[in-house]
Amino acid sequence: MFKWEKLGIIFNPLQLNGESWMKEYAQAPSAVIFENHVRVFFSSRGLPDEKGQYISRLGYIDLKRDNLFEIVKICRSPVLSLGETGTFDEFGTNPASVIKTGDELRVYYAGWTRCESVPFNAAIGVGVSADNGETFIRLGKGPVLSYSPDEPFVLGSPKVRMFNKRWYLWYSSGKEWMKSDTRPEPVYKIRMAYSTDGIQWTKVGKDLIEDILEKNECQASPDVFFFNGKYHMFFSFRYNLNFREENKGYRIGYAYSDDLLNWVRDDAGAGISASEEGWDSESVSYPYVFELDNKVYMLYQGNEIGKYGFGLAQLDSYN
Amino acid sequence: MKWKKLGKIFDPRDYKLANNCVEFAQSPQALVCEDYVRIYFSSREKDKTGKYLSHVSYVDFEKNFKKVKGVSDKTVIPLGGLGCFDEHGIFPMNVVRDKNRILAYTTGWNRKISVSADASIGLAISGDNGVSFNKVGTGPVLTASLHEPFLVCDAFVKIVESTYHMWYIYGTKWINDSEESEPQRVYKIAYARSNDGVIWNRDGKQIIADVLDENECQALPTVIQSGDKYHMFFCYRYASGFRKIKERGYRIGYAISEDLANWTREDANGGLHVSQDGWDSDMLCYPNVFNCDDNIYMLYNGNEFGRFGFGLAVLEK
């Protein structure tokens with residue numbers, strides 16, 4: 001099992017007098033390593049509108065490579081525009097996963113649109129950057145991964161990885177909208193697709209991770225990395241309804257696999273949970289694991305799904 | 001092409017339809033059976049917010065199209081569940097025989113906030129000769145993709161030598177027009193191919209040239225083989241003002257092809273035009289062309305997008 005040492009919070013947008021689009025939330029950190037710095041992409045939000053609705057935008061901060069607690073740059077403007085009227089990403093781009101490929105960066109992100117009978121729908125878009133992530137251009141006005149007969153709506157939280165020259169995308173896929181006293185909430189499960197070019201994807205078409213909380217358990221942000229001869233997945237999961245109550249919010253789950261397709265869930269092996277107090281005392285979620293200079297780190301978001309930012313943990317031991 | 005109009009053959013107000021539908025018989029689509037012709041169409045009920053829900057019904061005609069044998073009195077295909085692509089209506093539904101099954105390619109509608117709705121194409125299968133259909137999954141078989149950002153709908157499928165060919169439309173943009181109260185859509189005809197009718201290959205390219213302007217809206221392609229060519233009929237209109245101004249409303253367009261993929265537009269040879277007066281004097285839309293006995297027929301809607309029914313024309317020999 002993994003054992004992580006929490007190193008503390010890295011970035012809290014509420015402590016900045018930030019740009020109008022970066023007032024609160026720093027969600028779903030995703031890192032790209034450069035010679036002297038680590039660029040961490042995340043989704044942030046301006047203040048909500050009169051109906052309490054937010055628009056999430058993609059930005060980054062740069063951390064000093066030899067001291068990840070030193071922020072050397074905070075981007076001023078969102079690095080990806082919103083979609084045009086009527087497109088899948090008109091009302092937000094969150095979360096996002098960034099990968100380096102040759103001289104370019106690719107971003108895979110969940111685009112958000114607003115609907116009448118349910119509050120939203122989401123599908124997965126792709127953008128490319130030729131300037132190390134200062135700006136991303138979407139490859140088309142529509143999504144790169146969208147709905148199919150057994151994935152009817154809410155395709156979200158994409159995480160892109162490349163193993164053995166093949167592209168992999170783990171994501172969550174909506175199953176059903178559950179009615180509640182307030183607004184409908186979707187049930188979603190972790191799924192996978194693969195590709196030779198990152199554009200044409202083949203869906204595997206099965207739920208990868210068994211439920212442990214309830215049938216309507218919601219699973220998101222499946223982050224996969226290869227370590228010690230196995231594939232490891234850290235993800236987030238929570239109850240479907242009332243997830244803002246104590247003990248029903250997101251926590252980090254864990255599974256392992258030899259072949260990327262068949263996964264054994266073993267949450268006890270995750271080795272990270274909410275703290276006794278502080279910025280991550282209620283929930284931890286949206287893990288992103290990466291290796292840097294012979295150390296393994298996990299970026300993750302804390303309370304209220306990252307409203308107060310994200311922090312860092314370092315792998316202490318694995319056995 | 002020279003058509004003889006046989007007049008309006010069906011008015012939904014004359015029948016009791018399922019799902020509280022009282023008006024509209026849109027996009028008639030024929031399934032030719034041994035001794036009758038089943039014609040599917042989309043009718044509408046008003047929901048509690050006053051907005052429409054489109055439901056599929058059918059009417060069975062004797063093969064002379066003069067006598068109605070009956071109409072569907074039960075739900076042919078249910079609307080989708082909460083949040084599904086076809087929650088707020090199915091319109092149109094294209095039917096195609098595939099050995100001993102009948103496939104239905106549906107256009108499902110879901111309401112949105114910044115624009116009125118989105119649409120995707122679903123698949124359903126009937127094992128009871130088209131009385132009812134079971135959906136393949138709760139999601140669509142064809143939906144938005146990188147270069148077809150929304151409004152993927154109006155499928156027409158033809159099986160030729162065990163390859164499935166589909167002509168359909170995709171949205172290119174929503175435009176704001178000072179004469180209209182909300183954004184208006186622009187859509188074009190495209191082409192997809194499949195080996196199984198479920199997984200489709202497409203390149204998101206417009207296959208029919210515009211004749212009006214770049215915002216021409218092209219809808220509901222229907223294809224038939226005659227002689228050594230394939231013939232496509234479709235409807236097209238201006239992007240705005242098409243509801244009220246006759247000259248901007250739907251007309252029937254026409255194109256020919258030798259290979260099902262590359263088409264030459266020849267509207268002047270299509271041969272079906274608005275009448276001087278009567279039920280199809282303002283617009284012509286939603287054509288469906290089919291063979292029955294030794295004739296080629298076209299079903300189509302007239303004024304007000306088929307609010308008061310559909311009519312029939314026969315190709316003169």
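**Chain B, its contact with chain A, and the nonpolar core**

In this predicted model, chain B contains 20 strands and zero helices. Its radius of gyration is 18 Å, close to the 20 Å that the globule rule gives for 317 residues, so chain B is as compact as a globular protein of that length. The C-alpha trace of chain B, taken along its principal axes, spans about 50 × 45 × 45 Å.

The packing of chain B can be described in terms of burial and of contacts. Of its 317 residues, 48% count as buried, and, among the contacts in chain B with a separation of 6 or more, 50% are accounted for by residues that stand 24 or more positions apart.

We turn next to the place where the chains touch. Chain A gives 28 residues to the contact and chain B likewise gives 28 residues; on the side of chain A that touches chain B, the residues divide by class into 13 nonpolar, nine polar and six charged.

The interior is the last topic. The largest nonpolar core holds 168 residues, and those with the most contacts inside it are Leu169(A), Tyr168(B) and Cys235(B). Strand β10 of chain B, which covers residues 150-160, supplies the largest share of this core, namely seven residues. For Leu169(A), the surroundings can be listed by name: leaving aside residues up to four places away in sequence, Leu169(A) touches Tyr108(A), Leu145(A), Pro158(A), Val160(A), Met192(A), Ala193(A) and Trp201(A), where touching means that the C-beta atoms, placed from the backbone, lie within 7 Å.

Conventions
Residues are numbered from 1 along each chain as its sequence is written. Chains are lettered from A and ligands numbered from 1 in the order in which they are written. This is a predicted model: local features need pLDDT of at least 70, side-chain atom pairs count only at pLDDT 80 or more; totals for chains, interfaces and linings use all residues. A nonpolar core is a set of buried Ala, Val, Leu, Ile, Met, Phe, Trp, Tyr and Cys residues joined through C-beta atoms within 7 Å. A residue is buried if 20 or more other C-beta atoms lie within 10 Å of its own, exposed if 12 or fewer, and partly exposed in between; C-beta atoms are placed from the backbone. Helices (H or I, at least four residues) and strands (E, at least two) are DSSP runs, numbered from the N terminus. Two residues are in contact if their C-beta atoms, placed from the backbone, lie within 7 Å. Ala, Val, Leu, Ile, Met, Phe, Trp, Tyr, Cys and Pro count as nonpolar, Asp, Glu, Lys and Arg as charged, and the others, Gly among them, as polar. The radius of gyration is taken over C-alpha atoms; the globule rule is 2.2 Å times the number of residues to the power 0.38.
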